[in-house]
Amino acid sequence: MSGITAATTAVEIYRAMLESVGLRFAFLKNRLDRAWPGKRRIIATGAGFLRSSVWPQIVADCLGESLDVSDIEEGSLRGAALLVLEKQGQGEEIEFPVNRTVYPNSGAHERYKIALERQADFDNHMIEMLKQRLEELR
């Protein structure tokens, strides 16, 4: 975490941690979009998404797309199976129950896009630094 000071509050640290995970979701979604292009529905499951209004909003804002929140059990497993079925052209008729849909805030999404670029630069810098350290150890 960068930019932390003695004045940083626990709530700000907690939000920064949620935002970092939301940005990682955006990074993974971008990779998935390149590997399997096409429009798809984004469904979030789990108690954190169901019990919080902040967490799903952060994720929707990071992704820049609407997020369907579902209380389905074993959501990740079900989602992975649906993704494979979709790839095989068989997944359209299977429904996923949705509790609510969260829509992204375009201004927040623009700020998160800049943060995602900063994070990618940081990741690349860290990877290069680790490669150098490994070479030094050889």
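**Exercise 1. Classify the two residues Arg-138 and Glu-135 as buried or exposed, and state what joins them.**

Solution. In this predicted model, both Arg-138 and Glu-135 are exposed. Their side chains form a salt bridge, with the closest N and O atoms 3.2 Å apart. The limit for a salt bridge is 4 Å between such atoms, so the pair qualifies.

**Exercise 2. State how many salt bridges the structure holds, and find which residues are joined into one network.**

Solution. Step one is the count: the structure holds nine salt bridges. Step two is to look for shared partners. Lys-29, Asp-33 and Glu-65 are joined into one network by salt bridges that share partners.

**Exercise 3. For the salt bridge between Asp-68 and Arg-41, give the distance, the location of each partner and the exposure of each.**

Solution. Start with the distance: N to O, the side chains of Asp-68 and Arg-41 meet at 2.7 Å. Next, locate the partners. Asp-68 belongs to strand 2 (residues 67–70), while Arg-41 sits in the loop between helix 1 and strand 1 (43–45). They are 27 residues apart, and the pair links distant parts of the chain.
Last, classify each partner. Asp-68 has a relative accessibility of 10%, so it counts as buried, because buried means under 20%. Arg-41 has 39%, and therefore counts as partly exposed.

**Exercise 4. Describe helix 1 by its length, its buried residues and what covers them.**

Solution. Helix 1 consists of 26 residues. From first C-alpha to last, helix 1 reaches 38 Å, close to the 38 Å expected at 1.5 Å a residue. Its buried residues are Leu-18, Gly-22, Leu-23, Ala-26 and Lys-29. Helix 3 and helix 5 are among the elements that cover these residues.

**Exercise 5. Do the same for helix 5 (residues 106–137), and examine how this helix begins.**

Solution. First, the length: helix 5 has 32 residues and spans 46 Å between its first and last C-alpha, close to the 46 Å expected. Second, the buried residues: these are Ala-108, His-109, Tyr-112, Ala-115, Leu-116 and Asp-123. Third, the packing: the buried residues of helix 5 pack against helix 1 (10–35) and helix 3 (54–63). Fourth, the start: a side-chain oxygen of Asn-105 comes to within 2.9 Å of the backbone nitrogen of Gly-107.

**Exercise 6. Find which salt bridge ties Asp-123 to another helix, and classify its partner.**

Solution. Asp-123 meets Arg-24 in a salt bridge of 2.9 Å, N to O. Arg-24 lies in helix 1 and Asp-123 in helix 5, 99 residues apart, so this pair links distant parts of the chain. The partner Arg-24 counts as partly exposed because its relative accessibility is 34%. Asp-123, by contrast, is buried.

**Exercise 7. Locate Arg-111, classify its exposure and give its separation from Asp-61.**

Solution. Arg-111 is in helix 5. With a relative accessible area of 57%, Arg-111 is exposed. Although Arg-111 and Asp-61 are 50 residues apart along the chain, their C-alpha atoms are separated by 9.1 Å.

**Exercise 8. Describe the largest pocket: its volume, its lining and which element supplies the largest share.**

Solution. The largest pocket holds about 1000 Å³ of space. Its lining has 30 residues, and those nearest the centre are Arg-40, Arg-41, Ile-42, Ile-43 and Gly-79. Helix 1, strand 1, helix 3 and helix 4 (75–87) each contribute at least two lining residues. Helix 4 supplies the largest share, with seven residues.

Key
Residues numbered from 1 in each chain as written. Predicted model: local features only at pLDDT ≥ 70, side-chain atom pairs only at ≥ 80, totals over all residues. Heavy atoms only, no water. Helix = DSSP H or I, 4+ residues; strand = E, 2+ residues; numbered from the N terminus. Expected span 1.5 Å × (residues − 1). Buried < 20%, exposed > 50% of the residue type's maximum accessible area, 1.4 Å probe, protein only. Contact = heavy atoms within 4.5 Å. Polar contact = N/O pair within 3.5 Å; in protein donor to acceptor, adjacent residues only side chain to side chain. 1 Å grid on protein atoms, 1.4 Å probe; cavity = no way out; pocket = protein on both sides within 12 Å on 5 of 7 lines; lining within 4 Å. Points joined across faces, edges and corners; volume = space filled by probe spheres on them.
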